[in-house]
Amino acid sequence: MTTSLQHKGLTKLLGLSYEIQYKKGVENVATNALSRQFEEEAECKVISVVQPTWMQEVLSSYEEDIEVDKVLSQLLLDASAVPSVTLQQGLLRHKGQIWIGSSGNLRHQLVEAMHITTWGGHSGVHATHQRLKSLF
């Protein structure tokens, strides 16, 4: 179970580019499961993966989108088949921005969020559209 504080921390980390660095024993004052030594015959019993709810919403937006189906089938055969489009963790990206499919109401939710929230700021149609294009 996760807390709202953990969700907030995760959303901040998603937008960052970071790397994990190894620290030797004395330098590593905070031990965790990765820094503990296990027996040679120990095996990994559990792997947990965090998938934010927004990722599932984006993937759902692909479900009945004919253009997404066409692009996905091309990319699955050849990763460079569609110029400037990549497939990463199931998400399509066009020139680095997340591709939002036409199924469902995610596009409407994004426009509404970009327009009425404090960081969206009621900027008008053109400014809101440009802000969305820079992200999606």
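Select Gln89 first: with a relative accessible area of 68%, Gln89 is exposed, because the cut-off for that class is over 50%. The model on the screen is a predicted one. Gln89 sits in the loop between S1 and S2. Its phi is near 55 degrees, a positive value in a residue other than glycine. The hairpin formed by S1 and S2 has 2 residues between the strands, and Gln89 is where the positive phi occurs.

**The two hairpins**

Next, colour S1 and S2 and follow the pairing. The two strands run antiparallel and are joined by 4 bridges. To find one facing pair, select Gln88 and Leu91: Gln88 stands opposite Leu91, which belongs to S2.

Continue along the chain to S3. S2 and S3 also run antiparallel, and 2 bridges join them. Here the facing pair to select is His94 and Gln97, the latter in S3. What lies between S2 and S3 in their hairpin? There are 2 residues between these strands, and Lys95 in the turn has a positive phi of about 55 degrees.

**The sheet and the helix on it**

Now display the three strands together. They form an open sheet in the order S1-S2-S3, with antiparallel pairing. Which strands are at the edges? They are S1, covering residues 85–88, and S3, covering residues 97–98; each of them pairs on one side only. Add helix H3, residues 66–77, to the display. This helix packs on the sheet and touches S1 and S2, and the direction of H3 makes about 80 degrees with that of S1. While the strands are in view, one general point may help: in a regular strand the side chains alternate between the two faces of the sheet.

Between H3 and S1 there is a loop, and Ser84 is found in it. Select Ser84 and inspect its backbone: phi is near 65 degrees, a positive value in a residue other than glycine. Is Ser84 buried, exposed or partly exposed? Its relative accessibility is 39%, so Ser84 counts as partly exposed.

**Two residues of helix H2**

Move to helix H2 and select Val58, which is found there. Val58 counts as buried because its relative accessibility is 3%, and the limit for that class is under 20%. Which residues does Val58 touch, leaving aside those up to four places away in sequence? They are Leu91, Ile98, Trp99, Ile100 and Leu106. Select Arg107 as well: Val58 and Arg107 are 49 residues apart in sequence, and their C-alpha atoms are 9.4 Å apart in space.

Ser60 is also placed in helix H2. Its relative accessible area is 27%, so Ser60 is partly exposed. A further pair to select is Ser60 with Asn105; these residues are 45 apart in sequence and 10.0 Å apart in space, C-alpha to C-alpha.

**The largest pocket**

Turn next to the empty space in the model. Rolling a probe the size of a water molecule over the atoms shows where empty space is left. The largest pocket has a volume of about 1000 Å³. Which residues are closest to the centre of this pocket? Of the 32 residues that line it, the closest are Thr11, Leu14, Gly15, Pro52 and Trp54.

Colour the elements that give two or more residues to this lining: helix H1 (4–14), helix H2 (53–61), strand S2 (91–94), helix H4 (106–116) and helix H5 (125–135). H1 gives the largest share of the lining, 6 residues. If the lining is coloured by class, 21 residues are nonpolar, 9 are polar and 2 are charged.

**The whole chain**

Finally, show the complete chain as a cartoon. How many helices and strands does the protein chain have? There are 5 helices and 3 strands. Read from the N terminus on, the elements run α-α-α-β-β-β-α-α.

Two totals complete the tour. Of the 136 residues in the protein chain, 18% are buried. Among the contacts between residues at least 6 apart in sequence, 46% join residues at least 24 apart.

Methods. Residues are numbered from 1 along each chain as its sequence is written. This is a predicted model: local features need pLDDT of at least 70, side-chain atom pairs count only at pLDDT 80 or more; totals for chains, interfaces and linings use all residues. Side-chain values use heavy atoms; hydrogens and water are left out. On a 1 Å grid over the protein atoms alone, a cavity is a set of points where a 1.4 Å probe fits but cannot get out, and a pocket is an open set with protein on both sides within 12 Å along at least five of seven lines; lining residues have an atom within 4 Å of a point. Grid points are joined across faces, edges and corners, and a volume is the space filled by probe spheres set on the points. Ala, Val, Leu, Ile, Met, Phe, Trp, Tyr, Cys and Pro count as nonpolar, Asp, Glu, Lys and Arg as charged, and the others, Gly among them, as polar. Two strands pair if DSSP finds at least two bridges between them. Contact means heavy atoms within 4.5 Å. Axes are lines fitted to C-alpha atoms, for helices over the stretch in contact, and angles run from 0 to 180 degrees between N-to-C directions. Buried means under 20% relative accessible area, exposed over 50%, partly exposed in between (1.4 Å probe, protein chains only).
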